[in-house]
Amino acid sequence: MEHGFDTKSVHVTRKKEEGVPTKVTPIHQTSAFTFKNLEDIERFYSGEREYLYTRVGNPNTDELGNAVANLEAAPAGIATSSGLSAILVGILSIAKTDDHILASEDLYGGTYELLANELTSFGIEVSFVSFESDIESEIKDNTVLLYTESITNPLLRVENLEQVTQIAKKHQIKTMIDNTFATPYLVQPYSLGVNLVVHSATKYLGGHSDITAGGISWRRRFSYKGKNKMCEFWHKFKPI
Ligand SMILES: Cc1ncc(COP(=O)(O)O)c(C=O)c1O
């Protein structure tokens with residue numbers, strides 16, 4: 001039987017089959033992981049065992065990233081230190097100098113600042129337009145990304161995601177949606193064809209105003225195979 005959203009959100013975390021069968025994953029409060037010998041390190045680089053250094057992977061951040069992806073019905077996900085860092089990592093995985101991003105004019109202020117003042121200083125061109133207007137006519141030869149929010153902050157405009165993904169696919173450009181306000185309970189943009197779904201988990205996903213975190217969900221499954229997770233995300237990500 002297919003589980004409903006409530007059941008899924010309770011059971012979304014990974015079940016530990018090995019070791020002590022804890023109900024909740026223990027917190028792995030460690031910057032690095034130990035290796036018995038050089039062969040053991042080799043096992044990490046050949047992909048037989050996980051975890052070397054927490055910045056590039058830790059069971060707890062993995063569990064969080066995968067849990068958010070699971071609720072988003074996306075195959076893979078990573079957790080980030082904040083919503084804005086999820087947005088920056090996502091954008092930098094798609095856009096580089098001389099590329100153009102077409103963004104909704106109606107965005108969370110921090111995201112607007114990031115796009116308008118920071119990314120432009122790296123030579124990434126950004127246009128802000130009303131996504132209720134004819135956005136197709138705003139697409140340029142160097143447009144690589146359509147960026148908007150499923151429910152916008154602060155105006156609470158509900159984005160027509162099907163239309164946005166249709167236009168993006170027609171022009172072979174990528175889509176990235178901030179699903180913070182809607183949460184996967186209301187809409188699952190990945191299921192509507194969006195390439196990258198980002199969250200400020202600081203809001204409803206956290207739910208208690210006691211954490212700052214972010215998440216990115218998308219189609220790619222990670223395999224360590226001796227690689228740094230984040231590097232794989234940055235260098236090999238091809239959402240379409
Ligand atoms: C819609 C939306 N996206 C992103 C962010 C940024 O998230 P964070 O504060 O976790 O970096 C916020 C923060 O208010 C937000 O409201």
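Helices (H or I, at least four residues) and strands (E, at least two) are DSSP runs, numbered from the N terminus. The structure is a predicted model, in which local features need pLDDT of at least 70 and side-chain atom pairs count only at pLDDT 80 or more, while totals for chains, interfaces and linings use all residues. Residues are numbered from 1 along each chain as its sequence is written, and side-chain values use heavy atoms, with hydrogens and water left out.

**Exercise 1. The surroundings of the ligand**

Describe the shell of residues around the ligand and the polar contacts that Gly 83, Asn 153 and Thr 202 make with it.

Step 1. Begin with the shell, where a residue is near a molecule or strand if one of its heavy atoms lies within 4 Å of it. There are 13 residues around the ligand, and those that come nearest are Asn 153, Asp 178, Ser 200, Thr 202 and Lys 203.

Step 2. Sort the shell by residue type, counting Ala, Val, Leu, Ile, Met, Phe, Trp, Tyr, Cys and Pro as nonpolar, Asp, Glu, Lys and Arg as charged, and the others, Gly among them, as polar. The shell then divides into five nonpolar, six polar and two charged residues. Helix 4 (residues 83–92) gives the most to this shell, with three residues.

Step 3. Look for polar contacts, which are pairs of N or O atoms within 3.5 Å; within protein, one atom must be able to donate a hydrogen and the other to accept it, and residues adjacent in sequence count only if both atoms are side-chain atoms. A polar backbone atom of Gly 83 is 2.9 Å from an oxygen atom of the ligand. The side chain of Asn 153 places an N or O atom 2.8 Å from a ligand oxygen atom, and for Thr 202 a polar side-chain atom lies 2.5 Å from an oxygen atom of the ligand.

Step 4. Consider the cover, using accessible areas from the Shrake-Rupley method with a 1.4 Å probe, where for residues only the protein chains shown count as cover. On its own the ligand has 390 Å² of accessible area, and the protein covers 88% of this.

Step 5. Return to Asn 153, which is joined to Pro 154 by a cis peptide bond with omega of about 10°. Pro 154 belongs to the loop between strand 4 and helix 6 (161–170).

**Exercise 2. Strand 2 and its partners**

Work out which strands pair with strand 2, and in which sense.

Step 1. Take two strands as paired if DSSP finds at least two bridges between them. Strand 2 (residues 100–104) pairs with strand 3 (residues 125–129) in the parallel sense over five bridges, with Leu 102 opposite Ser 127 and Ser 104 opposite Val 129.

Step 2. Turn to strand 4 (residues 143–149), which runs parallel to strand 2 and is joined to it by four bridges. Here Thr 143 is the bridge partner of His 100.

Step 3. Follow the chain through helix 5 (residues 109–118), which makes a right-handed β-α-β unit with strand 2 and strand 3. Right-handed means that, with the strands pointing away from the viewer, the path from the first strand over the helix to the second runs clockwise.

Step 4. Examine burial, where buried means under 20% relative accessible area, exposed over 50%, and partly exposed in between (1.4 Å probe, protein chains only). In a regular strand the side chains alternate between the two faces of the sheet. His 100, Leu 102 and Ser 104 point one way from strand 2, Ile 101 and Ala 103 point the other way, and all are buried.

**Exercise 3. Strand 7 and the loop before it**

Explain why strand 7 is described as largely enclosed, and describe Ser 209.

Step 1. Five of the five residues of strand 7 (residues 214–218) are buried, so the strand is largely enclosed by the rest of the structure. Gly 214, Ile 216 and Trp 218 point one way, whereas Gly 215 and Ser 217 point the other.

Step 2. Strand 1 (residues 76–80) pairs with strand 7 in the antiparallel sense over five bridges, and Trp 218 is the bridge partner of Ala 76. Strand 6 (residues 196–200) also pairs with strand 7 in the antiparallel sense, over four bridges, among them one between His 199 and Gly 215.

Step 3. Ser 209 is in the loop between strand 6 and strand 7. Although Ser 209 is not a glycine, its phi is positive, at about 55°, and the residue is exposed, with a relative accessible area of 74%.
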